[in-house]
Amino acid sequence: MKANPKDVNTGVYYIDGDVSSGYGALAAGCKFVGGYPITPSTEAFEAVCRRGPLVGAMFIQMEDELGSIASVVGASWAGVKSMTITSGPGFSLMMETIGFGAMLETPFVLLNIQRGGPSTGVPTKTGQADMMQSRWGSHGDYELIAISPDSPQEMFDYTIKAFNLAERYRCPVMIMSDECVGHMTEKVVIPLADEIEVEPRRFYDGPINEYLPFKPDEDLVPPMVKAGDGYKLYITGLIHDERGYSIKNEEYKSIYTKRLVDKIRLNKDKIIELKEEETDDAEVVIVSYGISSRVAVRGIEKAREKGIKVGSLRLVTVWPFPDEKIAELAKTIKAFVVPEINYGQIAFEVERCSHGEANVILVPHGGAGVHNPDDICDAIEYAAKEKKRIEGVIEYKTKLEKLVFEEGYKLHE
Amino acid sequence: MNPIITAFSKGIEKSGIKPSKVSVPSDIPFGSEVVNHLGVDFFHTIRGRAIPFGTGLKLGNPALKVVPFVGDLMTLGGNHFVHAGRRNMELLVICVNNFVYRKIGGQPTPSTPVTFSPYSTFEEPFNIPHLGNSCGAVYTARWTALHTDELANSIAEALNKQGLSVIEVISPGPNYYTKIEDIESNLINFYYENSVIKNGEDPKNARITPEEKIVVGKFTDKERPTFIDSYNAQLSKVLGDKFTPYGGKNG
């Protein structure tokens with residue numbers, strides 16, 4: 001299905017990633033945004049609040065993030081595409097309801113413009129340390145989808161994709177962007193509506209009395225209905241059967257949880273999007289996502305100037321994780337280099353999937369800034385030279401890290 | 001069936017609203033048979049979030065009548081309640097007050113009157129209709145579970161009010177699973193017999209204490225622009241023809 005021309009502000013813009021994502025949401029047909037302002041995501045919320053009313057989208061500034069995400073799950077069950085926008089502390093507050101959304105198989109999009117943490121951290125500067133939280137943050141077993149754009153243009157394109165995936169797989173989808181991409185201002189081309197593919201909600205169309213809200217189709221995704229249409233919905237966050245009625249049976253608990261997880265895992269090939277460059281004869285492959293993939297471009301260039309064969313695997317989709325792709329590359333290369341703005345999250349996933357066949361070098365960064373491309377280049381050089389197979393994740397000492405260690409963790413002017 | 005559910009059922013019927021248009025977000029599970037009997041849509045949400053979930057339902061489809069049935073209203077949901085009043089969100093909040101966390105083991109709540117627990121509680125409880133009224137609710141009432149007719153009338157009235165309505169129901173237990181015979185019938189009668197109807201009373205005078213009779217009745221019935229009314233008015237003023245009012249007259 002094509003986007004509704006009314007929802008799309010076709011044109012060429014010079015805007016930041018936050019605003020671009022807001023425009024993407026409306027172009028995807030989002031009609032409800034519940035949010036609570038938090039740096040550095042406010043521009044996205046402001047963009048939808050400003051433009052939303054012109055295209056029939058309702059916004060509400062809730063009293064807190066607990067409320068904003070609950071309102072989004074509610075609005076989705078009322079039948080409209082919904083979204084919330086947040087960062088760091090707000091993301092933490094939302095965790096319980098993210099699990100609730102996954103349990104109720106509710107489509108919605110969560111835009112997280114990551115900032116420096118933990119706690120209040122560095123609100124105005126960047127970070128990539130919420131990646132594992134986006135995967136495991138709520139209690140219990142569930143799977144969801146996370147995407148990591150690296151430019152304002154991608155913030156538009158992948159916000160639409162996030163809505164499409166949420167509707168397609170009836171699950172929460174997270175856009176795990178960061179302050180740097182969110183506040184980066186670049187040219188953004190918003191295409192004509194008929195060039196934008198949007199996924200409509202998969203509504204049930206059978207007889208009213210035969211509807212079972214959690215009876216999956218062959219792809220393990222159940223079709224949905226909305227409140228107010230006479231289905232006498234019984235929807236609960238308790239483990240439930242196909243009718244939605246709660247059930248405590250051990251066997252059923254396993255069957256239900258397994259479907260919740262397999263709905264994403266077994267459809268992985270259709271969900272995952274990767275951008276792969278020059279990996280064919282590479283000896284080192286950079287695995288990166290979000291802003292770190294932008295920074296890595298220069299590091300890769302420099303390493304190539306030195307004659308090192310470097311490939312790049314960019315995780316546009318971070319969750320579900322491309323296990324098989326990493327395993328396959330591990331067999332042909334010497335090492336992976338993983339630059340990320342944290343002290344090791346995705347690097348450990350890469351190590352898990354490489355099954356000991358390649359070294360994994362983490363180029364860490366504490367946040368509030370991005371990597372120096374020289375550090376990435378140096379790590380590539382080290383990776384290419386190292387002949388030994390080293391167990392675990394090797395934490396590469398960047399110039400900043402070396403300084404920290406020489407000074408013995410002392411902080412002063 | 002539980003007398004509160006009976007009153008709810010009668011209230012919906014009296015209000016003239018189709019049950020299929022009624023959505024009930026709650027933080028306590030109804031029995032599935034109750035939902036089938038009532039013909040409403042039911043959402044067992046998470047603790048304290050029935051009001052914001054209901055806010056999303058209402059704004060997602062303004063034609064719905066959304067009735068949060070809540071237990072943890074004054075704790076986890078306290079902030080949501082206060083803000084629903086401030087913005088006059090179109091919800092009918094039915095708070096079943098049994099004075100304890102019954103299923104968890106009988107701990108005191110913020111609506112437990114002083115002296116109710118083993119060593120006696122010492123914290124001042126909330127007076128729910130008073131709090132609702134102070135925050136801007138357009139309709140507040142309190143009944144005990146055995147005031148079935150009065151409660152049904154209140155529910156019917158409140159369903160046709162525009163804005164936040166709050167009805168507190170004093171009940172011995174949140175037990176929607178069991179039959180009326182199984183609920184402590186002595187206690188339900190005790191509350192009923194120890195109540196006094198004072199319609200139109202200022203809810204600040206309706207504090208519940210162990211010494212005095214429970215003041216019940218309809219306390220607040222006023223008009224105020226709702227959230228959607230204010231949203232439409234403000235955006236129409238600023239955007240003129242570029243803005244299409246949201247939801248239409250009924251929502």
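**Exercise 1. Find how far apart the C-alpha centres of domain 1 and domain 2 of chain A lie, then describe the contact.**

*Solution.*
Step 1. The two C-alpha centres lie 28 Å apart.
Step 2. Place the bounds: domain 1 of chain A covers 5-195 and domain 2 covers 274-406. Such bounds come from an automatic or database domain assignment.
Step 3. Domain 1 of chain A puts 23 residues into the contact, and domain 2 of chain A puts in 21. Contact means C-beta atoms, placed from the backbone, within 7 Å.
Step 4. On the domain 1 side, α5(A) gives the most, with four residues.

This is a predicted model: local features need pLDDT of at least 70, side-chain atom pairs count only at pLDDT 80 or more, and totals for chains, interfaces and linings use all residues. Residues are numbered from 1 along each chain as its sequence is written, with chains lettered from A and ligands numbered from 1 in the order in which they are written.

**Exercise 2. Place strand β1 (residues 22-26) of chain B: which strands does β1(B) pair with?**

*Solution.*
Step 1. Helices (H or I, at least four residues) and strands (E, at least two) are DSSP runs, numbered from the N terminus. Strands pair if DSSP finds at least two bridges between them.
Step 2. Four bridges link β1(B) in parallel to β2(B), residues 41-44. There, B:Ser26 partners B:His44.
Step 3. Two bridges link β1(B) in parallel to β3(B), residues 65-66. B:Val22 sits opposite B:Lys65.

**Exercise 3. Are the residues of β1(B) mostly buried or exposed?**

*Solution.*
Step 1. Buried means 20 or more other C-beta atoms within 10 Å of a residue's own, with C-beta atoms placed from the backbone; exposed means 12 or fewer, and partly exposed lies in between.
Step 2. Five of the five residues are buried.
Step 3. B:Val22, B:Val24 and B:Ser26 point one way, B:Ser23 and B:Pro25 the other.

Conventions: Two residues are in contact if their C-beta atoms, placed from the backbone, lie within 7 Å.
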